Amino acid sequence: MYPIDQDLNELTFQRMVEAVPSAVLLVNQKGKIAYINHYAERLFEFGREELIGQGVEILIPERFRKNHPGFVEVFFKSPKARPMGAGQELFAVKKSGDEFPVEIGLNPLVTLSGSMALASIIDISGRKAQEEMRKRTHDLEIRNRELEQVAYIASHDLQEPLRTVSNYITVLEEDYSDILQETAHSYLRSMNRAVDRMNRMIHALLNYSRLGSGRELTNVDPSKLLNEVRDDLKNLIETTGTQLIVGRLPEIVACETEIRQLFQNLISNAIKYHKPDVIPIVNVGTEIRNQKLTFYISDNGIGIAPEYLTRIFFIFQRLHRAEEIEGSGIGLANCKKIVDLHGGEIWVESVVNKGSTFYFTLN
Ligand code: ADP
């Protein structure tokens, strides 16, 4: 054990611990919190006065609490510096109930108020997310290699013959205009539209295959992204009179550009597929489902029949003809790929003529 040096100026010592950029707790032999530093207050979102004197179990997810007093006892029986729960995944819980993975180092400390356990706690959610992402990406890369080859062929090889077709259409329209009958002109217009559509599909497929290629995980504030999306969709929101209501959204560790696109696709769909003559109301928020932070985007739109709820997440699957509602049918496939990259899930619950709610988790 390391007795605190009585000569060390107590104030300096306290300032030092306060300044440490990781969470530090002192726990007494009864398992009660005797001290927490400023970083720990921020990490757990508790005020110091709320924690001092409380059992340390308050910072542990409910399902692990039962066994904890036993661990405290074992520690004080043979106090020595060691990592907590070696080889096991450890989780802590914030005041809001949000869980996060941690690493905890324990050190015995003799203080004037008796023996204590000094716990230093590191939030490893960022690191875990990176690891998980790397693993998922690897799996996904294997699955996507074939698709990416198709996309490559699409970009380099299919575009060329498509350009040729398009050029000859122009030649026919311009140089043979006089000798072509009206029916032939209308065929050429249809061919032009088909060429345009195919061009858009090729580009959409390319974007899909490139999604997440420059990925980098950072701390992302979804509320900020939502403000940007609101700006980008300003026109659509104003012309439809949409009410876009955004609830409290916690920070996440994710690929910012991709998450922004995810919100943008889901919100623009929620507006696009509104009922005629009904003002779209779109709610964005989070809830805890199966102990996971789950984002939702709900609308009061046309809804989706049960038989299509899975199909719509595949590439180029649309329930509407291009002439009815504009779209390429790749938006939700992009959403699925983004969520897959983050190790999450995406699904939709819907009632025809009442509306749909898209849900997603990230890991
Ligand atoms: P796109 O919108 O370009 O057709 P998506 O992949 O984004 O492509 O969507 C696929 C299909 O899912 C859409 O054609 C539409 O029929 C259906 N859909 C998506 N979002 C909604 C929604 N919020 N309400 C009703 N239908 C939807």
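This briefing walks through the ligand site, the salt bridges, the cysteines and a few individual residues of the structure above. Please keep in mind that the model is predicted. In it, the ligand is surrounded by 21 residues, and the protein covers 98% of the 530 Å² of accessible area that the ligand has on its own. The salt bridges come to a count of 16, while a search of the whole structure turns up zero disulfides.

**The ligand and its surroundings**

- A good place to begin is the shell of 21 residues around the ligand, where the closest are Asn269, Tyr273, Arg318, Gly329 and Leu332.
- Asparagine 269 has a side-chain N or O atom 2.8 Å from an oxygen atom of the ligand.
- Tyrosine 273 also uses its side chain, with an N or O atom 2.7 Å from a ligand oxygen.
- At glycine 329, a polar backbone atom lies 2.8 Å from an oxygen atom of the ligand.
- As for cover, the protein takes up 98% of the ligand's own accessible area of 530 Å².
- Two or more residues of the shell come from each of the elements α10, α11 (331-341) and β14 (355-360).
- Helix α10 supplies the largest share of that shell, with three residues.
- Sorted by class, the shell holds nine nonpolar, nine polar and three charged residues.

**Salt bridges between α8 and α10**

- Side chains of opposite charge can pair when their charged atoms come close.
- Lysine 224 and glutamate 256 form a salt bridge in which the closest N and O atoms are 3.0 Å apart.
- This pair links distant parts of the chain, with lysine 224 in helix α8 (residues 222-232) and glutamate 256 in helix α10 (residues 256-272), 32 residues apart.
- Lysine 224 is partly exposed at 41% relative accessibility, and glutamate 256 is partly exposed at 26%.
- Aspartate 232 and arginine 260 meet through their side chains in another salt bridge, at 2.8 Å from N to O.
- Here too the partners sit in distant parts of the chain, 28 residues apart, with aspartate 232 in α8 and arginine 260 in α10.
- Aspartate 232 counts as partly exposed, with 44% relative accessibility, and so does arginine 260, with a relative accessible area of 23%.

**Other salt bridges**

- Glutamate 182 and arginine 189 are joined by a side-chain salt bridge of 2.9 Å, N to O.
- Arginine 189 is partly exposed, at 40% relative accessibility.
- A network of salt bridges ties together Glu18, Glu41 and Arg48.

**Cysteines**

- The search for disulfides across the whole structure gives a count of zero.
- Cysteine 255 is in no disulfide, and the nearest cysteine sulfur, which belongs to cysteine 335, is 14 Å away.
- For cysteine 335, likewise outside any disulfide, the nearest cysteine sulfur is that of cysteine 255, at 14 Å.
- A disulfide would need the two sulfur atoms within 2.5 Å.
- Cysteine 255 is buried, with 1% relative accessible area, and cysteine 335 is buried at 0%.

**Loop residues with positive phi**

- Glutamate 45 has a phi near 60°, a positive value in a residue other than glycine.
- The loop that holds glutamate 45 runs between α2 (38-44) and α3 (48-51).
- Glutamate 45 is partly exposed, at 42% relative accessibility.
- Glutamine 291 has a positive phi as well, near 65°, and is likewise a residue other than glycine.
- Glutamine 291 is placed in the loop between β11 (281-289) and β12 (292-298).
- With a relative accessible area of 62%, glutamine 291 is exposed.

**Methionine 198**

- Helix α7 (residues 182-210) contains methionine 198.
- Methionine 198 is partly exposed, with 36% relative accessibility.
- The C-alpha atoms of methionine 198 and isoleucine 122 are 51 Å apart, for two residues separated by 76 residues along the chain.

Conventions
Residues are numbered from 1 along each chain as its sequence is written. This is a predicted model: local features need pLDDT of at least 70, side-chain atom pairs count only at pLDDT 80 or more; totals for chains, interfaces and linings use all residues. Side-chain values use heavy atoms; hydrogens and water are left out. Buried means under 20% relative accessible area, exposed over 50%, partly exposed in between (1.4 Å probe, protein chains only). Helices (H or I, at least four residues) and strands (E, at least two) are DSSP runs, numbered from the N terminus. A salt bridge is a side-chain nitrogen of Lys or Arg within 4 Å of a carboxyl oxygen of Asp or Glu. A residue is near a molecule or strand if one of its heavy atoms lies within 4 Å of it. A polar contact is a pair of N or O atoms within 3.5 Å; within protein, one must be able to donate a hydrogen and the other to accept it, and residues adjacent in sequence count only if both atoms are side-chain atoms. Accessible areas come from the Shrake-Rupley method with a 1.4 Å probe; for residues, only the protein chains shown count as cover. Ala, Val, Leu, Ile, Met, Phe, Trp, Tyr, Cys and Pro count as nonpolar, Asp, Glu, Lys and Arg as charged, and the others, Gly among them, as polar.
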